[in-house]
Amino acid sequence: MAEHTSSSITIEAAPADVMAVIADFDRYPEWSAEVKEADVLTKDDQGRAEQVRMVLDVGAIKDDYTLSYTWSGSQEVHWSLVKSTMLRSLDGSYRLTPLDGGRRTEVTYRLTVDVKVPLIGMIKRKAEKVIISRALDGLKKRVESGV
């Protein structure tokens, strides 16, 4: 089984507000520095993204890839890699947990990255940690700014 990296952060907003930012893929380049482009390719019956093409630049990992999204209610989303030039797998999830009666949200980001070119496991874990840390920090700033 592939190793994964996960981390959590508390955001001063309701889960619905956090999920609204997570689900707004077109705006990812505005708050996630590693995502240079994001285009929703297909949507499900509820209008949520099903497949999204992204261009990623995280130092050692640069790629143009497509992810498939599965939504579990309104507080969890999972994704997996559909196609890529550099990545073998990119699987992850955001899980939102309401705190303080729903006024705050704990966001847990879980990620597994595997590349087609050989990389030492330590370098892959570091890339995962960088992606997660920057994504959670960017998400927190974006949601709490009210943009």
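A residue counts as buried when its relative accessible area is under 20%, as exposed when that area is over 50%, and as partly exposed in between. The tour below applies these terms to a predicted model.

**First stop: Asp39 and Arg53**

Select Asp39. Its relative accessibility is 33%, so Asp39 counts as partly exposed. Now add Arg53 to the selection: Asp39 and Arg53 form a salt bridge, with the closest N and O atoms 2.7 Å apart. The two residues belong to distant parts of the chain, Asp39 to strand β2 and Arg53 to strand β3, and they are 14 residues apart.

**Second stop: Glu37**

Keep Arg53 visible and select Glu37. The side chains of Glu37 and Arg53 also meet in a salt bridge, at 3.2 Å from N to O. Glu37 lies in strand β2 (residues 35-43) and Arg53 in strand β3 (residues 49-58), so this pair ties together parts that are 16 residues apart in sequence. Glu37 is partly exposed, at 37% relative accessibility. To complete the view, add Asp64: Glu37, Asp39, Arg53 and Asp64 are linked in a network of salt bridges. A search of the whole structure finds eleven salt bridges.

**Third stop: Asp100**

Move to the loop between β6 (87-99) and β7 (104-115), where Asp100 lies. What is notable about the backbone here? Most residues other than glycine have a negative phi. Asp100 is not a glycine, yet its phi is positive, at about 50°. Asp100 is partly exposed, with a relative accessible area of 40%. Select Arg104 as well: Asp100 and Arg104 form a salt bridge, the closest N and O atoms being 2.6 Å apart. Arg104 is likewise partly exposed, at 26% relative accessibility.

**Fourth stop: the aromatic rings**

The structure holds nine aromatic pairs. Select Phe25 and Tyr69, a tilted pair with 4.6 Å from centre to centre and 55° between the planes. Phe25 lies in the loop between α1 (15-22) and α2 (28-31), and Tyr69 in strand β4 (residues 61-72), so the pair ties together parts that are 44 residues apart in sequence. Phe25 is buried, at 1% relative accessibility, and Tyr69 is buried at 7%.

Next, select Trp79 and Tyr109. Their ring centres are 5.6 Å apart and their planes stand at 75°, so the pair is edge-to-face. Trp79 lies in strand β5 (residues 76-84) and Tyr109 in strand β7, 30 residues apart in sequence. Trp79 is buried, with a relative accessible area of 8%, and Tyr109 is buried with 7%.

Finally, display Phe25, Tyr28, Trp31, Tyr69, Trp71, Trp79, Tyr94 and Tyr109 together: ring pairs link these residues into a cluster.

Notes: Residues are numbered from 1 along each chain as its sequence is written. This is a predicted model: local features need pLDDT of at least 70, side-chain atom pairs count only at pLDDT 80 or more; totals for chains, interfaces and linings use all residues. Side-chain values use heavy atoms; hydrogens and water are left out. Helices (H or I, at least four residues) and strands (E, at least two) are DSSP runs, numbered from the N terminus. Buried means under 20% relative accessible area, exposed over 50%, partly exposed in between (1.4 Å probe, protein chains only). A salt bridge is a side-chain nitrogen of Lys or Arg within 4 Å of a carboxyl oxygen of Asp or Glu. Rings of Phe, Tyr and Trp (its six-membered ring) pair if their centres lie within 6.5 Å; planes under 30 degrees apart count as stacked, over 60 as edge-to-face and the rest as tilted.
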